Amino acid sequence: MIFSPFLLVTEKSFANRTQPLVQYEDGLRILEALSATGMRSIRYAKEIAGVIANDLSKQAVEAMRDNVKRNKVEHLIEVSHADATTLTYFSASPSKQYDCIDLDPYGCPNRFLDAAIRSLKDGGLLLVTATNMAWPFSVRRMSSASQILLVLRI
């Protein structure tokens, strides 16, 4: 399958947008809800059209915009400055749902799961990474170098 490298984007906050992103025939909508510098979103965008890079931190959003521009993917990524949970709850209607949501919080991902699952399309992927913490079901804390990636197909 070939994905279109072009996507219409805006710089407005995603949560305040009334129209969904323009989606191309073979395009996917991917949300990196906690993007920080946006590097993972840039990598996604270079392979798949339809990436929304979001973070609550104003400094992170500024860094994302700079990194998106430096990597010449402004036409492929929508940068959003919003709370991840609020953003995903606003995307629960079928016209705004995502094909894939990537959650990589610093700390426990549990508080993001309900909203993320509600805003996934049927058959969508939820990618959850738990960094520098005990996994929600484990008894012992993992080493600081450990990382767990959980991939769920909804």
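Start with the whole chain on screen: 154 residues, of which 44% count as buried. What you have open is a predicted model, so let's look at confidence before clicking on details.

**Colour by pLDDT**

The chain averages a pLDDT of 77, and 67% of its residues reach 70 or more. Select α2 and then strand β6 (residues 147-153) to see both ends of the range: α2 has the highest confidence, at 96, and β6 the lowest, at a mean of 59. Now select residues 1-24, where the pLDDT is below 50. This stretch still has 61 contacts in the model beyond near neighbours in sequence. Where pLDDT is low, the predicted coordinates should not be read in detail.

**Switch to cartoon**

You should find 4 helices and 6 strands. Tracing the chain along its sequence gives β-α-β-α-β-α-β-α-β-β. Among contacts between residues at least 6 apart in sequence, 59% join residues at least 24 apart. If you turn on a surface, the exposed area is about 8,600 Å², and carbon and sulfur atoms supply 56% of it.

**Select β2, residues 51-55**

Is this strand buried or exposed? Its 5 residues are all buried, 5 of 5, so the rest of the structure largely encloses it. Show the side chains and look along the strand. V51, A53 and D55 point one way, I52 and N54 point the other way, and all are buried. In a regular strand the side chains alternate between the two faces of the sheet.

**Add the partners of β2**

Which strands pair with β2? One is β1, which runs parallel to β2 and is joined to it by 3 bridges. For a spot to zoom in on, pick E32, whose bridge partner in β2 is A53. To get from β1 to β2 the chain passes through helix α1 (residues 39-45), and this β-α-β crossover is right-handed.

The other is β3 (residues 77-81), again parallel to β2, with 5 bridges between them. Keep A53 selected, since its bridge partner in β3 is V79. Bring in helix α2 (residues 58-70) and you have another β-α-β unit: β2, α2 and β3, which is right-handed.

**Move over to β4, residues 98-103**

This strand is mostly covered, with 6 of its 6 residues buried. Put β1 (residues 30-32) back on display: β1 and β4 pair in the parallel sense over 3 bridges. Label L31 and look across to I101 in β4, which stands opposite.

**Hunt for salt bridges**

How many are there in total? The count comes to 6 salt bridges. Here are three to visit.

*R40 and D104.* Select both side chains; the closest N and O atoms of this salt bridge are 3.0 Å apart. The pair links distant parts of the chain, with R40 in helix α1 and D104 in the loop between β4 and α4 (110-118), 64 residues apart. R40 counts as partly exposed, at 30% relative accessibility. D104 is partly exposed too, with a relative accessible area of 21%. Now add D102 to the selection: R40, D102 and D104 are linked in a network of salt bridges.

*D66 and R70.* Go back to helix α2. These two side chains meet in a salt bridge at 2.9 Å, N to O. Why look for them along one helix? They sit 4 residues apart in α2, so about one helical turn separates them. D66 is partly exposed, with a relative accessible area of 34%, whereas R70 counts as exposed, at 62% relative accessibility.

*K121 and D99.* For the last stop, select K121 and D99, whose side chains meet in a salt bridge at 3.6 Å, N to O. This pair also links distant parts of the chain: K121 lies in strand β5 (residues 120-131) and D99 in strand β4, 22 residues apart. Check the surface on each side. K121 counts as partly exposed, at 22% relative accessibility. With a relative accessible area of 18%, D99 falls under the 20% cut-off, so D99 is buried.

Note on methods
Residues are numbered from 1 along each chain as its sequence is written. This is a predicted model: local features need pLDDT of at least 70, side-chain atom pairs count only at pLDDT 80 or more; totals for chains, interfaces and linings use all residues. Side-chain values use heavy atoms; hydrogens and water are left out. Helices (H or I, at least four residues) and strands (E, at least two) are DSSP runs, numbered from the N terminus. Buried means under 20% relative accessible area, exposed over 50%, partly exposed in between (1.4 Å probe, protein chains only). Contact means heavy atoms within 4.5 Å. Accessible areas come from the Shrake-Rupley method with a 1.4 Å probe; for residues, only the protein chains shown count as cover. Two strands pair if DSSP finds at least two bridges between them. A crossover is right-handed if, with the strands pointing away from the viewer, the path from the first strand over the helix to the second runs clockwise. pLDDT is the predictor's confidence in each residue, from 0 to 100. A salt bridge is a side-chain nitrogen of Lys or Arg within 4 Å of a carboxyl oxygen of Asp or Glu.
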